[in-house]
Amino acid sequence: MLIDGGPANASSTIYTILSQNRIKKIDVIIATHPDGDHIGGLSGALNYASVNLS
């Protein structure tokens, strides 16, 4: 589970953490609200890992 992604400049950090830990699938992503400081970094997660859509 990933809750929020931080600001846009956190995207590469999230990507790196997922890849270093070989996390290729995320079961749940929660965005607590749509402000940039919470969803900006989610692109790093979505570019690296797949998300369970069920």
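This is a short tour of the structure, stop by stop, with a suggestion of what to select at each one. Keep in mind throughout that the model is predicted.

**Stop 1: helix H1**

Start by selecting residues 11-20, which form helix H1. Now pick out Ser 11, Ile 14 and Leu 18, the buried residues of H1. Look down the helix axis: these residues span an arc of only 65° around it, so they sit on the same side of H1. What lies over them? Show strand E2 (25-26) and helix H3 as well, since both are among the elements that cover the buried residues of H1.

Next, add Ile 17, which also belongs to helix H1. Ile 17 is partly exposed, at 44% relative accessible area. Draw a distance from its C-alpha to that of Ala 45, and you should read 9.2 Å, although 28 residues separate Ile 17 and Ala 45 in sequence.

**Stop 2: a pair of tyrosine rings**

Stay on H1 and show the side chain of Tyr 15, then add Tyr 48 in helix H3, which covers residues 42-48. How are the two rings set against each other? The ring centres of Tyr 15 and Tyr 48 are 5.2 Å apart and the planes meet at 75°; the pair is edge-to-face because an angle over 60 degrees counts as such. The structure has 1 aromatic pair by this rule, and it joins distant parts of the chain, with Tyr 15 and Tyr 48 lying 33 residues apart.

Switch on a surface and see how much of each tyrosine shows. Tyr 15 is partly exposed, with 37% relative accessibility. Tyr 48 is partly exposed too, at 22%.

**Stop 3: just past H1**

Go back to H1 and follow the chain onward to Arg 22, in the loop between H1 and E2. Check its backbone: phi of Arg 22 is positive, near 55°, in a residue other than glycine. Is Arg 22 buried or exposed? With a relative accessible area of 71%, Arg 22 is exposed.

**Stop 4: the salt bridge**

A little further along, select Lys 25 and Asp 27. Their side chains meet in a salt bridge, with 3.8 Å from N to O. How many salt bridges does the structure hold? The count is 1. Both partners can be seen from outside in part: Lys 25 is partly exposed at 49% relative accessibility, and Asp 27 is partly exposed at 47%.

**Stop 5: a nonpolar patch**

Keep the surface on and colour Met 1, Ile 3, Val 28 and Ile 30. Together these residues make a nonpolar surface patch of about 370 Å². To place one of its members, look for Ile 3 in strand E1, which runs over residues 2-3.

**Stop 6: Asp 4**

For the last stop, step from Ile 3 to Asp 4, in the loop between E1 and H1. Which residue type would you check for when phi is positive? Asp 4 is not a glycine, yet its phi is positive, at about 60°. Now hide the surface to find the side chain: Asp 4 counts as buried, because its relative accessibility of 14% falls under the 20% cut-off.

To compare the two loop residues on this tour, show Asp 4 and Arg 22 together: Asp 4 is buried, whereas Arg 22 is exposed.

Technical notes
Residues numbered from 1 in each chain as written. Predicted model: local features only at pLDDT ≥ 70, side-chain atom pairs only at ≥ 80, totals over all residues. Heavy atoms only, no water. Phe/Tyr/Trp six-rings, centres within 6.5 Å; stacked < 30°, edge-to-face > 60°. Helix = DSSP H or I, 4+ residues; strand = E, 2+ residues; numbered from the N terminus. Buried < 20%, exposed > 50% of the residue type's maximum accessible area, 1.4 Å probe, protein only. Salt bridge = Lys/Arg side-chain N within 4 Å of Asp/Glu carboxyl O. Patch = residues over 30% accessible without salt bridge, like charges linked within 9 Å, V, L, I, M, F, W, Y side chains within 5 Å. Areas by Shrake-Rupley, 256 points an atom, 1.4 Å probe, with all protein chains shown as cover. Arc of directions from axis to C-beta. Contact = heavy atoms within 4.5 Å.
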